[in-house]
Amino acid sequence: MWSYALRRMLATIPTLLLVITVCYLLLHFTPGGPFDTEKKVSAAVLANLQEKYHMNEPLWKQYLLYLNSLLHGDLGASFRYEDWSVNELVATALPVSAVIGGVSLLISLVIGVALGALAALRQNSVVDYLVMFLGSVGSVFPAFVIGPVLVLMFAIWLQLVPAGGWDNFAPRYMVLPMSLLVVLNVATIGRVMRGSMIEVMSSNFIRTARAKGLPQRTVVLRHAMKPALLPVVSLIGPMAISAITAAVITETIFSLPGLGKLIVSGASNRDYTLVLGLVVLVTVITVVFNLLVDLAYALLDPKIRY
Amino acid sequence: MVFAKKDDALVAKLGEAIEPALHGRSPWAAARTRFARNKAAMFSLCLLGLITLACIVGPYLLPHAFDSADWEAMSQAPTWKNMHWFGTDESGRDLLVRALIGGRISLMVGLMATIASVSLGIAWGATAGFVGGKVDSVMMRVVDIMYAVPYLLIAILMVTLLGRAFYLVVITITVFSWMDMARVVRGQTLSLRSKEFVEAARAMGVPTHRIIFQHIVPNLLGVVVVYTTITVPGVMITESVLSFLGLGIQEPMTSWGVLIHDGAQVMEVSPWMLLYPGALLSTALYCFNYIGDGLRDALDPNDR
């Protein structure tokens, strides 16, 4: 197990290095420097600025300096938000995205697993149709269509919740964004859970359990649940990652001050260091999540041996 | 010669009678029949054809231009009057024409990015599958890495840095949508290489290029066609997301993503600005999904 974990961890290094390098080079070879402003900056000021950000050094040295500061957890300074480092911006934005993404993922796991299991046990029932309906909604309507429509219905027409905005984790601002994420996630989780539960329930060991005379409850909860959950576990990783990606969309729709909003505003302001820093950060989070999911999978599935 | 000469006519007749049976149905004809029997897929195909046709010819038939303002009908709700069937935006531009023009761009981006990523994916996957060994493992490692990166963020970084011209958006989307195809084609190539019918062809002395084109490519084509239809909606969603974030197609050009973005800004006063483009995009995605499903059912040789 440990050697597998170690090997798996080492394998993440090339991924990280590749992404960082490609993004860094992209950034470097983009025409137009960060100090191109409408006002002409005098040569002396420009030289000083370049000195400060080590831009007068050769490329390889700048790159190594950047890697070095990354290793120390420093994402650099923002070019547009003066007096803000990328770290400080991230520190204010990350909790917003993490709470919305994390809580909605938890809620959708509970709902999705329950609905999916019920749908599988009672095929062609109301629950079953609900799961299948949600599944097809999720695959046809993208988040950026459902999101504004939710706002239109619940915030503008029914006036139940605010259309967007943020007030220090006040729940009424989190209801709509979380509902959007829950609808989308439950669609996927429910469909996968339904499929795997149907498959597990028709397998031999379930027939054995029934033959022993165990009641339905015990068969489902003690025997069928664990193997049926495996495909859902493998979904958590991609979902946690897509929660970050989806944050870009939800936070734009509901104007939440999270990571996604930061990335979009950084991109439209051409705040290069901010966007690069965020991409690096999210890549690290992604890679770590994939790693954790693989390890969890290895722990849960007795068929996997290293 | 078993038959005497006078029996020639009889032989010809017999030949005619068993001709269809001898030829059988080609896999493609069989697939076409199966696809035609799939109602959802056929309906989607017709609907998508209609939408595409409307996007191509519609703007010529309608009296409004996509970028000209009708000062007498600003933020006009959908109405029969003056042919503003989808309503107008806050500067009086006709939404129907804009939605059709936007559809051209969205479908065009979808088509071009799909062609590009499908070609890249096939080339990558087939090379990895045929060459095998070290080359294969390095090439597939690249695919793994591409899967592990948060593609939307890097796409955002790319359009931020490179610019938002039409072809740059297409390139950016292509970079992140070829991996599925590469994996599928590689897997298929690997398994086909060691199939009995390929071995049989080899044993019969069929030259390699004929094995590739007569035995491997037709078998590859099925999955390629299926995955192509699955790639299209994914690609169109990526374009729309970028445009929705204000980072894709730029004014005065428009796409469904741009229209949904604009609509979301003004939905309080003009909800039709959001609902119509959203419905159009969703309909197109729905069609591609069902056509993809139908093709998979029709072309999957293991599913007879």
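Colleague: How many residues of chain B are in contact with chain A in this predicted model?
Modeller: In chain B, 31 residues are in contact with 39 residues of chain A. To be in contact, two residues need C-beta atoms within 7 Å.

Colleague: Which element gives the largest share of the side of chain B that touches chain A?
Modeller: That is helix 6 of chain B, with eight residues. Among the other elements giving two or more residues are helix 10 (208-244) and helix 12 (272-299) of chain B.

Colleague: And what is that side of chain B made of, by class?
Modeller: There are 24 nonpolar, six polar and one charged residues.

Colleague: Let's turn to chain A. Why is helix 5 of chain A called oblique to helix 7 of chain A?
Modeller: Good one! Helix 5 (residues 126-140) and helix 7 (residues 171-201) of chain A pack at about 125 degrees, with axes 8 Å apart. Roughly perpendicular covers 65 to 115 degrees, and roughly antiparallel needs an angle over 145. The angle fits neither range, so helix 5 of chain A is oblique to helix 7 of chain A. The crossing of these two helices is left-handed.

Colleague: Which residues of helix 5 of chain A meet helix 7 of chain A?
Modeller: They include A:V131, A:L134 and A:G135, and the residues they meet in helix 7 of chain A include A:L184 and A:R191. By class, this contact has six nonpolar, four polar and two charged residues.

Colleague: Back to chain B: what share of its residues is buried?
Modeller: Buried residues make up 41% of the 304 in chain B. A residue counts as buried if 20 or more other C-beta atoms lie within 10 Å of its own.

How values were computed:
Residues are numbered from 1 along each chain as its sequence is written. Chains are lettered from A and ligands numbered from 1 in the order in which they are written. This is a predicted model: local features need pLDDT of at least 70, side-chain atom pairs count only at pLDDT 80 or more; totals for chains, interfaces and linings use all residues. Helices (H or I, at least four residues) and strands (E, at least two) are DSSP runs, numbered from the N terminus. Ala, Val, Leu, Ile, Met, Phe, Trp, Tyr, Cys and Pro count as nonpolar, Asp, Glu, Lys and Arg as charged, and the others, Gly among them, as polar. Axes are lines fitted to C-alpha atoms, for helices over the stretch in contact, and angles run from 0 to 180 degrees between N-to-C directions. Angles under 35 degrees count as roughly parallel, over 145 as roughly antiparallel, 65 to 115 as roughly perpendicular and the rest as oblique. A crossing is left-handed if the near helix is turned anticlockwise from the far one by less than a right angle, and right-handed if clockwise. A residue is buried if 20 or more other C-beta atoms lie within 10 Å of its own, exposed if 12 or fewer, and partly exposed in between; C-beta atoms are placed from the backbone.
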